[in-house]
Amino acid sequence: MEHIQETLVKYWGYDNFLPLQKQAMECVSRGQDSIVVLPTGGGKSLCFQAPAVTMQGLTVVVSPLISLMKDQVDALKECGVPAARIDSSLSAYEQQAVFSAIRDKRLKLLYLSPERIVSDGFVELLRKTGVSFIAIDEAHCVSMWGHNFRPEYRQLGLLKEVFGDVTIGAYTATAIEQVRNDIAEQLHLKNPRMLIGSFDRPNLVYKVRRRANIMKQVCAVLDRHKGESGIIYCIRRKDVDAMCAQLAAKGYNVAPYHAGMTDEDRKKNQDSFITEKVETIVATIAFGMGIDKSNVRYLIHTGMPKSLEHYQQETGRAGRDGLEAECCLFYSGGDYGIWKSLMSDMEPEAQKIAMFKLSRMYNYCTGGVCRHKAILRYFGQELDKNNCSACDMCLGELDCIDDALQTAQKILSCVLRLEQRFGGGYTASVLTGSHEKRILENKHDELSTYGLLSNYEKHTVHDWIEQLEGQDYIEKVGEYNILNVTEKGWQTLKGKETPRLLRPAQKTAKVSKVIIDSWEGVDENLFEALRKVRAAIARKKGVPAYIVFGDAALRDMARRRPSTTERFLEVKGVGEIKCQQYGKVMLAAVRDYCLTNSLEMDVD
Ligand code: ADP
């Protein structure tokens, strides 16, 4: 382990392990099979990369996507680790070069697709040269229970046979037990050690609001993150195009991404995002698979995903570097309706599961508890703190209203007075005393419940109606989402049940502790200056900026402000090779800035 720790410092510039990394690395170096389940950003890649550097011989990594392989191999080379990949995007000449490197035993890590590693020619070659360890990345692809089953992964069951009982490590971010058991079985692992981390992503700041004026809501988030990278997810392609056009017209630096575009256009936009020529990508959820960009600082959902599994996976693309990232979800009751109708053609059993997941997602949106707690509970884990300090609830952005029972009773009575024949928008208009023509024509201004909540804006009351639905006091029926009062709703009318109703807080909300901590001691202008230097290096080398240095390393530089190479090596995320390559230029930038601004250097 000592050797591994030295490697971690030398190549990656990290002097501590992230949770479970040490145990996962021990398994590799001891030759014990393992299944490592860590959330996105949990540091899974280092679990096999660091031991691979210390071991004799070659480690083979099986990975499902060319883009993922490319990203990891580029990052390893940047750190000075001899790594390569073989995939269909390489020319015959490039492939030959990798073959010679394998034969000459010059490589430490080789990335391959599942099809390739079990192909005859490769098995022969690798048998001759020897394989010391096999890492299966994104191992949930083995399982039909996972969200991304890949039939090619099933063939990996052969590995134990063809490579004479080689040690295997399987790595995934998918939590559920069926998937874990399936991985062990399909890969014929021997007594694998199961290392299962916490699924909490403490650096993600979750915020949920009902969709009102979506352009205004989205722009507010973008304005909080000027110059930073982010993703906006829309449910449909046409929404992607519309939102992108409107944002571009307002001067935001955006590009679209969806399956209706040509491969070429999609690739161009994805590359522009990765290399930070474009700040914000507006996309359907097709975007993000296979993207390792570590510094996505905000992620916006303009519609509700169909399950918390999807939400967890999509938000997983933010804040992979462990620094804060804001995840805003704007939902509406209509989203629930859209998903429900899309699910109407499913087989009954599958539909039951999908509907269950959909209602849990909707409960999450409308529910009034800590978002981190709610997500973790869904995945069967508990949060070990009372206040996460990283969601709209814990930051006090939403208040529970005091007179929730009376307010709910007013709403439910109005639904009954309207004879359970109208939807949420109409009911909210009646309650707030609107003079809309249709209300007057229907003589609903004569109802006793008309204008009962006229002290509030219509969108606030509409919000409460959604919240009552999310907590099962009201249900929506039929094609037009007509409101009906449920049994629980009747109990509320009798005063026997009290719902929780939320509204935006009147007082200013707190700033998340995650944000305060990650910026502590960092000179923000120096950070910006260093970002520019990093961008110039990245452009010159033709690699993404975050592969040169992650945001976490840049912030640590802007915190420590090193004046010498020795001090520069103390920065988290600066290993020896990166120090040799970029030390001079980064140190010069730090020195210039500190001199100009009379700022102290070498801060501990
Ligand atoms: P995953 O594959 O689990 O999503 P990665 O392997 O991409 O996670 O790691 C996420 C981020 O954490 C990367 O920026 C990586 O460099 C960083 N990281 C990994 N291990 C450590 C460590 N021991 N100390 C600090 N940062 C680390």
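Start by selecting helix H17, residues 371-378: three residues of this helix give the second largest cavity the largest share of its lining. You are looking at a predicted model, so treat this as a walk through computed features.

**Stop 1: the second largest cavity**

Keep H17 in view and add the rest of the wall. Select Phe199, Asp200, Arg201, Tyr206, Gln312, His372, Ile375 and Leu376, which line this cavity. The space inside comes to about 30 Å³. Try colouring the lining by residue character: four residues are nonpolar, two are polar and two are charged.

**Stop 2: the largest cavity**

How many cavities of 30 Å³ or more does the structure hold? There are two, and the next one to visit is the largest, with about 50 Å³ of space. To find this cavity, select Ile231, Phe273, Phe287, Gly288, Ile291, Lys293, Val296, Arg317 and Arg320, the residues of its lining. Colour these by character too, and you should find five nonpolar, one polar and three charged.

**Stop 3: the second largest pocket**

Now move from cavities to a pocket. The second largest pocket holds about 670 Å³ of space. Its lining has 25 residues, and those closest to the centre of the pocket are Ser67, Lys267, Gln270, Asp271 and Ile274. Select these five to centre your view.

Next, show two helices as ribbons: H4 (66-78) and H13 (263-274), each of which supplies at least two residues of the lining. Which helix gives the largest share of the lining? That is H13, with six residues. With the whole lining coloured by character, ten residues are nonpolar, six are polar and nine are charged.

**Stop 4: leucine 493**

For the last stop, select helix H22, residues 487-493, and pick out leucine 493 within it. Is this leucine buried, partly exposed or exposed? Its relative accessibility is 24%, so leucine 493 counts as partly exposed.

Now show its neighbours. Leaving aside residues up to four places away in sequence, leucine 493 touches Gln409, Leu412, Ser413, Leu416 and Val485. Finally, add leucine 405 and draw a line between the two C-alpha atoms: leucine 405 and leucine 493 are 8.5 Å apart in space, although 88 residues apart in sequence.

Conventions. Residues numbered from 1 in each chain as written. Predicted model: local features only at pLDDT ≥ 70, side-chain atom pairs only at ≥ 80, totals over all residues. Heavy atoms only, no water. Helix = DSSP H or I, 4+ residues; strand = E, 2+ residues; numbered from the N terminus. Buried < 20%, exposed > 50% of the residue type's maximum accessible area, 1.4 Å probe, protein only. Contact = heavy atoms within 4.5 Å. 1 Å grid on protein atoms, 1.4 Å probe; cavity = no way out; pocket = protein on both sides within 12 Å on 5 of 7 lines; lining within 4 Å. Points joined across faces, edges and corners; volume = space filled by probe spheres on them. Nonpolar A, V, L, I, M, F, W, Y, C, P; charged D, E, K, R; others polar.
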